[in-house]
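Colleague: I'd like to learn how to read the backbone oddities and the ligand site here. Can you walk me through them?

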Amino acid sequence: MTPVEDTAQKIRSMEIRGAGRIARAGASAMGDFADSYTGASLEDFVRDLSEAADVLLASRPTAVSLWNGVHATMRGVDGASSFEEARALVSGNAKDFCTRSEMAVEEIARIGARRIQDGDVIMTHCNSSAALGVIKEAHRQGKDIKVYATESRPWRQGILTVNDLADAGVDITLIIDSAVRSVMKRTDKVFVGADTITSQGALVNKVGTSHLALAAHEARVNFYVCAETYKFSPMTLFGDTVTIEEREISEVVRPGEVRDNVKIFNPVFDSTPAAYIDAIVTELGMMGPGAVYGVMVKQLGDGIFNRE
Ligand code: RUB
């Protein structure tokens with residue numbers, strides 16, 4: 001197995017998961033591919049690089065962060081005049097992307113923590129490093145907060161969340177997914193992460209996120225999304241819809257647990273309309289979902305999403 005295939009396999013099997021980590025893993029794999037490339041022809045390199053990108057992009061379909069991370073590494077390659085120049089570009093772009101990604105998560109923590117007040121009760125879903133960064137930063141600043149985290153069936157990423165917050169010394173309570181609506185009554189704010197944000201400001205995130213949003217809306221609880229801007233999907237500007245990944249039924253039931261004629265449907269992400277989102281915390285600052293379109297258009301103009 002090549003290192004690129006190995007990374008793709010780790011993403012597919014969820015050994016590497018979470019939209020930010022997936023993006024950095026994809027970008028790093030592209031950088032490593034360039035660094036270890038044994039050929040010397042520019043044409044061959046560009047072709048093989050595109051194939052490596054395709055292998056990585058096929059590993060998980062929903063998080064646009066992976067697409068943006070992988071494509072960020074290819075910026076400028078089409079204009080390179082030699083193999084060495086193209087290789088250096090990919091290698092440098094990959095490192096830049098990972099550094100910018102890590103800095104964005106830290107900036108989001110600082111910006112988002114300002115929305116949290118002493119005494120706040122917070123709910124989160126699944127396991128988002130961006131959302132957890134905000135919560136841990138508020139705690140680090142000495143704010144007295146209490147957090148409810150959902151179990152997040154079927155993979156139970158909520159276990160990662162509660163252990164991470166417990167290790168940080170946060171007052172953390174695990175709830176099952178179906179307790180969201182009743183626990184929302186005692187919640188002040190919701191912070192979740194994002195796999196993809198559309199040009200309409202809709203959020204695509206772990207399945208169940210839209211339930212938190214609905215329950216928060218009903219209970220008049222503020223619903224915040226923590227998302228680096230490389231989770232904004234340029235494709236949605238042109239009308240593309242986001243593919244919602246469906247995973248194996250073995251994630252939902254044990255072998256033999258249900259009759260053979262029971263069908264199982266296991267979509268692992270869902271979409272939350274902009275109307276249920278109070279604000280998106282990005283590394284550029286807080287913005288309403290309506291502002292996403294303008295940021296995306298500017299990013300396109302700046303060539304952030306382009307290879308050239
Ligand atoms: C993880 C998930 C997270 C986002 C954002 O789903 O939905 O909320 O990916 O994470 P999965 P981060 O476990 O299926 O990858 O803020 O860490 O990028």
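Modeller: Sure. Let's begin with C126, which lies in the loop between β1 (121–124) and α6. Keep in mind that this is a predicted model.

Colleague: What is the phi of C126?

Modeller: The general idea first: most residues other than glycine have a negative phi. C126 is not a glycine, yet has a positive phi of about 60°.

Colleague: And which residues does a cis peptide bond join?

Modeller: Again, the background is that most peptide bonds are trans. Here R153 and P154 are joined by a cis one, with omega about 0°. You'll find P154 in the loop between β2 (146–150) and α7 (158–167).

Colleague: On to the ligand. How many residues surround the ligand?

Modeller: To count them, take each residue with a heavy atom within 4 Å of the ligand. That gives 18 residues, and the closest are R17, G20, S129, K206 and K231. By class, the shell has six nonpolar, seven polar and five charged residues.

Colleague: Which elements each supply at least two residues of that shell?

Modeller: α2 (19–35), α6 (129–140) and β6 (203–206) do. On the domain level, domain 1 (3–105) and domain 2 (107–301) each contribute at least three shell residues.

Colleague: Which side chains make polar contacts with ligand oxygens?

Modeller: Look for N or O pairs within 3.5 Å. In the side chain of S129, an N or O atom is 2.5 Å from a ligand oxygen. For S128 the corresponding distance is 2.7 Å, and a polar side-chain atom of Q157 lies 2.8 Å from an oxygen of the ligand.

Colleague: How much of the ligand's accessible area does the protein cover?

Modeller: On its own, the ligand has 450 Å² of accessible area, and the protein covers 100% of that. As for where the ligand sits, look in the largest cavity.

How values were computed
Residues numbered from 1 in each chain as written. Predicted model: local features only at pLDDT ≥ 70, side-chain atom pairs only at ≥ 80, totals over all residues. Heavy atoms only, no water. Polar contact = N/O pair within 3.5 Å; in protein donor to acceptor, adjacent residues only side chain to side chain. Areas by Shrake-Rupley, 256 points an atom, 1.4 Å probe, with all protein chains shown as cover. 1 Å grid on protein atoms, 1.4 Å probe; cavity = no way out; pocket = protein on both sides within 12 Å on 5 of 7 lines; lining within 4 Å. Sits in = over half its atoms within 2 Å of the grid points. Helix = DSSP H or I, 4+ residues; strand = E, 2+ residues; numbered from the N terminus. Nonpolar A, V, L, I, M, F, W, Y, C, P; charged D, E, K, R; others polar. Domains from an automatic or database assignment.
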